[in-house]
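Visitor: Please take one part of this model and look at it closely. Then show me what lies around it.

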2 protein chains.
Amino acid sequence: MSAAERASLPARSAARRMGYEVRVADATDAERIAQLLHDFNTEYGDPTPGPEKLAERVRELSAAGEITVLLAAGGLAVLRFRPSLWKEALDAYLEELYVVPGRRGQGIGRALMNRAIEVARERGAGDMHLGTSEDDVAARKLYESLGFDNHEQGPDGPVMYFYEREV
Amino acid sequence: MSAAERASLPARSAARRMGYEVRVADATDAERIAQLLHDFNTEYGDPTPGPEKLAERVRELSAAGEITVLLAAGGLAVLRFRPSLWKEALDAYLEELYVVPGRRGQGIGRALMNRAIEVARERGAGDMHLGTSEDDVAARKLYESLGFDNHEQGPDGPVMYFYEREV
């Protein structure tokens, strides 16, 4: 066991006792992931193809190495990785972060994010980015407490917006 | 020649006469792309590994199909594609858009964006997204005129922010 592993043991054990240990999903988790994604979009009134189609898609994308999913009791994080244009490293993108309503406020989102950052580091990512909405106050507070910034070139820079359109 | 191709001819010829025809870059363009990327970051005070290292990286990522670069006289757009989690389509991401200072205000950015949307459609993308800064007024005006929105669930929704951190 390395010193780093030993140092992180108390935190891991506490997480286990609190029931929100986070693990990297494997091929057997597709249905569970699909259900959480479906619940996520249903809760926010966004379109969803339904749990069955989502499970198929999750299976495909996981097998192709296109997504990395972290699972906790009642929550998940979906990560993407791509080689950075500017450095010899990966860019990590947090595509989804969700905790079911009944498990919110228990530190599950934070546990998922901490593990997401750990996994991104392990894979060799240099940067991580994400998009989130102005009114998602709890998520923004969490991201900001973890050092994410929505300003260009440091906290005094201009705000960065996330734009999208259908093509 | 298809009807669609015929219909787009006048616009293409005008673009050619104005000197801002846009084309998809190939393996021979790595140095040119690298120089534009280097100039971009130098102009905005962002770190750059220099034109030589960038050319190598552009060659690697192009060969691996990781980036699609569009070139115009004095400008470029860098696109990424990844399979969407939510539908059987690709997501397109505009990673960089740059026009050199001496060629701004001539419609080159718009020509690059129009071609980027065309290319995204041709590849089978369903959505396109991008991040940009509050004070990049010209770019935001261009994106908004092309139908990009930085609000969740339509123009009356909450603003979407782009967050990042090193990992």
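Guide: Here is a close look at strand E4 of chain A, followed by its surroundings.

Some ground rules come before the tour. This is a predicted model, so local features need pLDDT of at least 70 and side-chain atom pairs count only at pLDDT 80 or more, while totals for chains, interfaces and linings use all residues. Residues are numbered from 1 along each chain as its sequence is written, chains are lettered from A and ligands numbered from 1 in the order in which they are written, and side-chain values use heavy atoms, with hydrogens and water left out.

Start with the whole chain. Chain A has 5 helices and 6 strands. Here helices (H or I, at least four residues) and strands (E, at least two) are DSSP runs, numbered from the N terminus. Read from the N terminus, the elements of chain A go α-β-α-α-β-β-β-α-β-α-β. Of its 167 residues, 50% are buried. Buried means under 20% relative accessible area, exposed means over 50%, and partly exposed lies in between (1.4 Å probe, protein chains only).

Now the strand itself. E4(A) spans residues 90-99. It is mostly covered, with 9 of its 10 residues buried. In a regular strand the side chains alternate between the two faces of the sheet.

Which strands pair with E4(A)? One partner is E3(A), residues 75-83, which runs antiparallel to E4(A) and is joined to it by 9 bridges. Two strands pair if DSSP finds at least two bridges between them. A hairpin of 6 residues leads from E3(A) to E4(A). Across this pairing, Phe81(A) has Ala92(A) as its bridge partner. Another partner is E5(A), which pairs with E4(A) in the parallel sense over 5 bridges. There, Tyr93(A) stands opposite His129(A).

Next, follow one residue of E4(A) out of its chain. The side chain of Glu95(A) meets that of Arg82(B) in a salt bridge, at 3.8 Å from N to O. Glu95(A) lies in strand E4 of chain A and Arg82(B) in strand E3 (residues 75-83) of chain B, so this pair joins two chains. A salt bridge is a side-chain nitrogen of Lys or Arg within 4 Å of a carboxyl oxygen of Asp or Glu. Both ends are covered. Glu95(A) counts as buried because its relative accessibility is 12%. Arg82(B) is buried too, with a relative accessible area of 15%.

The contact also occurs with the chain letters swapped. Arg82(A) and Glu95(B) meet through their side chains in a salt bridge, with 3.8 Å from N to O. Arg82(A) sits in strand E3 of chain A and Glu95(B) in strand E4 (residues 90-99) of chain B, so this pair joins two chains. Arg82(A) and Glu95(B) are both buried.

Glu95(A) is part of a network, too. Salt bridges link Glu66(A), Arg80(A), Glu95(A), Arg82(B) and Asp91(B). Over all chains, the count comes to 23 salt bridges.

One of these bridges stays within chain B. Glu43(B) and Arg104(B) meet at 2.8 Å, N to O. Glu43(B) lies in helix H2 (residues 30-43) of chain B and Arg104(B) in the loop between E4 and helix H4 (108-123) of chain B, so the pair ties together parts that are 61 residues apart in sequence. Glu43(B) is partly exposed, at 34% relative accessible area. Arg104(B) is partly exposed as well, at 35%.

A few stops remain beyond the strand. Arg59(A) belongs to helix H3 (residues 51-63) of chain A. At 38% relative accessibility, Arg59(A) counts as partly exposed. Arg59(A) and Ala27(A) are 32 residues apart in sequence, yet 6.7 Å apart in space, C-alpha to C-alpha.

Last, see Gln153 in each chain. Gln153(A) has a positive phi near 55°, and the residue is not glycine. Its place is the loop between H5 and strand E6 (160-166) of chain A. With 52% relative accessibility, Gln153(A) counts as exposed. Gln153(B) has a positive phi of about 50°, again without being a glycine. Gln153(B) is in the loop between helix H5 (137-145) and strand E6 (160-166) of chain B. At 53% relative accessibility, Gln153(B) counts as exposed.
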